Amino acid sequence: MLKLSEINLAVDGQRYLEDVSLELKRGELNILLGPTLSGKTSLMRVMAGLDRPDSGALSFDGESVIGVAVQRRELAMVYQQFINYPSLTVYENIASPLRVAKLAKDEIDARVMQAAALLKLEPYLERKPANLSGGQQQRVALARALVKRASLVLLDEPLANLDYKLREELRAELPTLFAELGAVLVYATTEPSEALVLGGNTACLHEGRVEQFGPTLGLYRDPDTLMAAKLFSDPPLNTVALQRIGNSLRYKETDQALAESTAAPLLALIESAGSDAVELTLGVRGHHVRDSSAQCSPACFSITGRVDVTEITGSESFVHLDFLGQPWVALLDGVHAHASGAEIELTIDPADCFLFDESGARLRKQCERVN
Amino acid sequence: MKVQNNRAWLMVLPMLLIVALSAIIPLMTVVNYSVQDTFGGNEFFWVGTEWFQEILASERFHNALQRTLLFSALILAIEIPLGIAIALAMPRRGMAVSFCLVLMALPLLIPWNVVGTIWQVFGRVDIGLLGHGLASLGIDYNYTQDTLDAWLTLIVMDVWHWTSLVVLLCYSGLVSIPEVYYQAARIDGASRWAVFRFIQLPKIKRVLLIAVLLRFMDSFMIYTEPFVVTGGGPGNSTTFLSIDLVQMAVGQFDLGPAAAMSLIYFLIILLLSWVFYTIMTSLDNDAAASKGGQ
């Protein structure tokens, strides 16, 4: 188990990591999710021992590893760029960490062949990396990480530079590839959808802080904070500012009250959470914004937005619109060709909505808070 | 259907004219001279390959060729490793980078004959800082009389003048290696030598090829500096092919043999450059393959 507690890192006065505490178990896939510059790579560098944190503790299987030299840790890392030794063949590339470790020849051969088989590299063992496709080059890098049988495997956006199809293919293989190692597997990505496909646990990172850490699906369905919900939404989380005045909820922008049937479940939620917040943020994911013709409970409310642009993938339509000055995205099933500038009506079920208070903390029913 | 655009030829025309005037016409003039003899005036006689046979058989040519080959070999053997070593030692970030780059570029900005004059004065035993300094230390140094001293002076001068070029080329190759390569090597536990051998050297291979070719061609054609410093002496000990050629063409006005010799000279450079290029690109086949791949 890799345990980080209250790790801080700043370089030249700029904060890279702030009070990061995580417990990552062996045999589990742990995803670091966050946009670029959110601290994923910095965190990985600290985990690897490439950077020494300014403060905080880092231990592996109960032993502190701060100050232990990188090459003495059982560690493997794969990067966004395809990093291989350019003048060595695929075989020698895969064998290189074992040669450094001075393993016996038979052992090296057995391990290289096994890794090559797993990553379907057998036909290319005598080639140089430059003569391989991008996907194959990354497979070589993954094989190098695999043969080492490291107890900590760090994958820093390993699929980001691959084209769509190869990415899907490798993504499906990745968790099983490393599962047998019983290693702590850490995977950094900027894409919420990638995290969801991979499963495991996810830590949402924002500006060097862990917003939330937990099982990936649970975190997606049940974010703790506005930031975690925003980080883990693709298309981006739609938000609108609300104000509670007495027993009514109003849009802050227009001072227009929400219908009583809509406000009731939301107010009940606020009350149940024991919050006395006045300024609230309502968040709803794109696929929960529905076409007005869709069937919906009586509590549902409609919004009217001006269409900015519509992207149609065939099975879905991403309708980008302006709602009370906020950019919203509605992810509708099927083809909806809305003209730019048109006013359209959409329906939302308050049960699908998240409510956040001024500090960005999510309001939950008391009984939900147990987990 | 393929559309023929005849205006394209018009665009190529200026380039063709420049190449014709600067290369093809002079080269053809030399070819013309190399197969004829003249007794002055404007009368020429066809002699066929006679001049070529004479040059290839002459001891004077062989000696000059050997001197030039030795000079180039020494220059490459010193400047390439030294250039790589300095490039590896140069800082990668901060203010020091610009300082080092300017310092490195300085010798390259000095004209050849000025470099020659500087070293000619610098090495003089009576007034030169180097020559006089060595003499006062009791070291017997005189490049006008001693062959070894003359060679040492020319080699040190060339190293001083041109190692910077190798440094700058290698440095540009080194800084383009992404940081993650070093990080990956560190995680693998690779030694400093392994990092150089398996990451840095393969990554700078292509600029190194350019450095080797440029330094070979330049040193093989060196003229101005030995002309200024030693004038080819003492004796004939620093008479390289270029100096020999000028003596033959301008000094003795043997236009035919000189033309034949310059063609042979040109072909040797072409041949050796091709050999270097072929060896260095085939040492490792990814230079050719990655041209298409990356």
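**Exercise 1. In this predicted model, find the residues whose side chains meet in a salt bridge between chain A and chain B, and describe the interface around them.**

Solution.

Step 1. The partners are A:R144 and B:D188, with a nitrogen-to-oxygen distance of 3.7 Å. The cut-off for a salt bridge is 4 Å, and across the interface of the two chains the rule finds one such bridge.

Step 2. Next come the polar contacts. Four residue pairs are in polar contact across the interface of chain A and chain B, both residues of each pair being at pLDDT 80 or more.

Step 3. Sort the side of chain A that touches chain B by secondary structure and by class. Strand β6 (75–78) and helix α2 (90–100) of chain A each provide at least two of its residues. By class, this side of chain A consists of 14 nonpolar, seven polar and four charged residues.

Step 4. Count the residues in contact: 25 from chain A and 20 from chain B.

Step 5. Turn to area. The size of an interface is often expressed as the accessible area lost when the parts come together. For chain A and chain B the buried area is about 2100 Å², and 58% of it is on carbon and sulfur atoms. A:Y79, A:Y85 and A:P86 account for 25% of the area that chain A buries against chain B, more than any other three residues.

**Exercise 2. Describe how domain 1 and domain 2 of chain A meet.**

Solution.

Step 1. Set the bounds. The domain assignment of chain A places domain 1 at 2–225 and domain 2 at 238–370. Their centres, taken over C-alpha atoms, are separated by 38 Å.

Step 2. Count the contact. Domain 1 of chain A contributes six residues and domain 2 of chain A eight. Between these two domains about 590 Å² is buried, with 37% from carbon and sulfur atoms.

Step 3. List the polar links. The rule finds three salt bridges across the interface of the two domains of chain A, as well as seven residue pairs in polar contact, both residues at pLDDT 80 or more. The side of domain 1 that touches domain 2 in chain A has two nonpolar, one polar and three charged residues.

Step 4. Inspect a salt bridge in chain A. A:D222 pairs with A:R362, and the closest N and O atoms are 2.6 Å apart.

**Exercise 3. Give the domain bounds of chain B, then describe the packing of its helices α4 and α7.**

Solution.

Step 1. The domain assignment of chain B gives domain 1 as 1–26 and domain 2 as 60–293. The C-alpha centres of these domains of chain B are 35 Å apart.

Step 2. Helix α4 (residues 95–105) and helix α7 (residues 147–175) of chain B pack at about 145°, and their axes are 9 Å apart.

Step 3. On α4(B) the contact uses B:V97, B:L101, B:M104 and B:A105, while α7(B) brings B:S164, B:V167, B:L168 and B:Y171. Sorted by class, the contact between the two helices has seven nonpolar residues, one polar residue and no charged residues.

**Exercise 4. Which residues does a cis peptide bond join in chain A, and where is A:D12 found?**

Solution.

Step 1. Recall the background. Most residues other than glycine have a negative phi, and most peptide bonds are trans.

Step 2. The cis bond joins A:D234 and A:P235, with omega about 0°. A:P235 sits in the loop between α8 (226–231) and β11 (238–245) of chain A.

Step 3. A:D12 belongs to the loop between β1 (2–11) and β2 (14–24) of chain A. The phi of A:D12 is positive, near 50°, in a residue other than glycine.

How values were computed:
Residues numbered from 1 in each chain as written. Chains lettered and ligands numbered in written order. Predicted model: local features only at pLDDT ≥ 70, side-chain atom pairs only at ≥ 80, totals over all residues. Heavy atoms only, no water. Contact = heavy atoms within 4.5 Å. Buried area = accessible area lost by both parts, 1.4 Å probe. Polar contact = N/O pair within 3.5 Å; in protein donor to acceptor, adjacent residues only side chain to side chain. Helix = DSSP H or I, 4+ residues; strand = E, 2+ residues; numbered from the N terminus. Nonpolar A, V, L, I, M, F, W, Y, C, P; charged D, E, K, R; others polar. Axes fitted to C-alpha atoms, helices over the stretch in contact; angles between N-to-C directions. Domains from an automatic or database assignment.
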